[in-house]
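Student: I would like a close look at one part of this complex, namely the second of the two chains, with its strands, its core and its unusual backbone positions. Could you take me through that chain and then place it in its wider setting?

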Amino acid sequence: MNLKLTYTFFISCTILYFGMQSYAQESSTDDYVQVSDSIFFKDKYGLNIGLDLSRIGQSFLDSDYQGLEISADYRYSENLYIAGELGNETSTYNEENIINKTDGSYIKLGVNYNVYDNWIGMQNLIYIGVRYGFANYSQNLQSYRIYTTDDYFPSDIREVDASFSNLTASWIELQAGLRVNIFGNFYLGAHVQLKNMISVSEINNFDNLYVPGFRRTFDNSNIGAGWGYSISYLIPIYSKTKTQAVDN
Amino acid sequence: MKKGLVYGVISAFLALSMYSCERDDICAEAIATTPKLVIEFFDANNPERNKNVNSLLVREIEKDSTLGFTSTSTIAIPLKTNAIETRYIFNINSQSESGGLIDTLNFSYATVETYLNRACGYKVDFIDFRARKETDDINWIKDIQVRETTIDNEFETHLYLFY
């Protein structure tokens, strides 16, 4: 019986060996294998880690802003990605009547759904996504001016230096963007964001002028908007062989 | 179906971004900011009737510039927001050869700061408002009467002045 199994194993290995050889002869590149009228290619699955370039750029150009954001997504299925962002922002609102500095961190978690049908072997994305965002931050009201409708008395500017710490906010965010493979495992991405505030800390006799991750707030609505450009690197974890019929 | 989804998302973004881009960094005139003190003038001999002032000059005691009013029975003057009292010199008939008559009024109060919005900043309302004439002898103002001890708008008259 043992002998029989050994023979079977041996014969199987021989067949497999020759099979592999013929397989290797037919494939001219690593990624593409053409057999009869179908194409097989390897679809990369992995973790994509990105760095937001728009925030780095704004940090250099805008003296009232400092920000950094890293993003990550994991390809869960063919078109579904589990995605998130982690960031830190410092923004100063410096206008005629109020000077206020906001400083804090945020996290966003959610999914991206790819709606783009790639050409064979390409890994580009046009996606829509949703996120739940949460921020923890502080505000420092440096000074404010008492608003008067006439200038008979000189401006009454109060240098208060009042701090409001441990503020939190949460929101739902809708994203739409694209990501293009530039070379190797490097990608460039751009997206826009639209968000709706769910909850935000109340401040006695003041307001949340800026929320990290959410960006600026509006006095009469819960809506916010944003955007981002990023460069990212795909760490491939595994590949799935995908088959596609060929027309000719 | 996918194309429709993309177009739908893009148009939603456009519509909502226009909605959210409404300017709110300029303080709108409609916003009630720091109120002025509203004074109404009455005829001392007939207290039911308004009496128009003629070339009234009002000057805060430490300032050189004046606020001028004429042919009106209601005036509005600012109060100092960074102090608890404001003293004004009221000079009536200032265009006459004699230079008219002078009285000094002292307004005292407490201030309350209220946040308005990011464009306007804060306003000050005045509470516990009191007014008194600084001299007992009558030059031209016969009597004053505080009508509102809280000054938080300019629609109400806060002080009646009889002369």
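Tutor: A residue is called buried here if 20 or more other C-beta atoms lie within 10 Å of its own, exposed if 12 or fewer, and partly exposed in between. In this predicted model, buried residues in that sense make up 26% of the 163 residues in chain B. The mean pLDDT of chain B is 88, with 88% of its residues reaching 70 or more.

Chain B contains one helix and 10 strands, and read from the N terminus the order is α-β-β-β-β-β-β-β-β-β-β. Of the contacts in chain B between residues at least 6 apart in sequence, 53% join residues at least 24 apart.

A good place to begin is the end of that order, with strand 10 of chain B, which covers residues 159-162. The side chains alternate along this strand, in that L159(B) and L161(B) point to one face and are buried, whereas Y160(B) and F162(B) point to the other face and are not buried. Strand 10 of chain B is joined by four bridges to strand 1 (residues 37-43) of chain B, and these two run parallel. Four bridges also join strand 10 of chain B to strand 9 (residues 143-146) of chain B, but there the strands run antiparallel. Within these pairings, E40(B) stands opposite Y160(B), while I144(B) stands opposite L161(B).

E40(B) itself belongs to strand 1 of chain B. With 18 other C-beta atoms within 10 Å, a count that falls between the limits of 12 and 20, E40(B) is classed as partly exposed. Leaving aside residues up to four places away in sequence, E40(B) touches N50(B), S73(B), T74(B), T157(B) and Y160(B). By contrast with these contacts, the C-alpha atoms of E40(B) and D137(B) are 22 Å apart, the two residues being separated by 97 residues in sequence.

Strand 1 of chain B spans residues 37-43, and L37(B) leads into the nonpolar interior. The largest nonpolar core has 34 residues, and those with the most contacts inside it are L37(B), L56(B) and F90(B). Beyond four places in sequence, L37(B) touches A76(B), I77(B), L79(B), F107(B), I151(B), H158(B) and L159(B), and L159(B) is one of the buried residues of strand 10 described above. A second, separate core has nine residues, among them Y106(A), A135(A), W171(A) and Y210(A).

Another group of strands in chain B makes an open sheet of five, in the order 4-3-6-7-8, with antiparallel pairing. Strand 4 (67-69) and strand 8 of chain B are at its edges, and because each has a single partner strand, one side of each is left without a neighbour in the sheet. On average, neighbouring strands of this sheet are turned by 30° against each other, direction ignored. Strand 8 of chain B pairs with strand 7 of chain B over 11 antiparallel bridges, and one of the pairs involved is N117(B) with its bridge partner G121(B) in strand 8.

Two backbone positions deserve attention. Most residues other than glycine have a negative phi. D128(B), which is in strand 8 (residues 121-133) of chain B, has a positive phi of about 50° although it is not a glycine; D128(B) is exposed, with 11 other C-beta atoms within 10 Å. N93(B) likewise has a positive phi of about 50° without being a glycine, but its place is the loop between strand 6 (85-92) and strand 7 (101-117) of chain B, and N93(B) is partly exposed, with 16 other C-beta atoms within 10 Å.

As for the wider setting, the predictor gives the complex an ipTM of 0.83 and a pTM of 0.78. At the interface, 31 residues of chain B are in contact with 30 residues of chain A. On the chain A side, strand 6 (125-145), strand 9 (186-200) and strand 12 (223-245) each supply at least two residues, and strand 6 of chain A gives the largest share, four residues. By class, that side of chain A has 18 nonpolar, six polar and six charged residues.

One caution concerns chain A, where pLDDT stays under 50 over residues 19-28. Where pLDDT is low, the predicted coordinates should not be read in detail.

Notes. Residues are numbered from 1 along each chain as its sequence is written. Chains are lettered from A and ligands numbered from 1 in the order in which they are written. This is a predicted model: local features need pLDDT of at least 70, side-chain atom pairs count only at pLDDT 80 or more; totals for chains, interfaces and linings use all residues. pLDDT is the predictor's confidence in each residue, from 0 to 100. Two residues are in contact if their C-beta atoms, placed from the backbone, lie within 7 Å. Ala, Val, Leu, Ile, Met, Phe, Trp, Tyr, Cys and Pro count as nonpolar, Asp, Glu, Lys and Arg as charged, and the others, Gly among them, as polar. Two strands pair if DSSP finds at least two bridges between them. A nonpolar core is a set of buried Ala, Val, Leu, Ile, Met, Phe, Trp, Tyr and Cys residues joined through C-beta atoms within 7 Å. Axes are lines fitted to C-alpha atoms, for helices over the stretch in contact, and angles run from 0 to 180 degrees between N-to-C directions.
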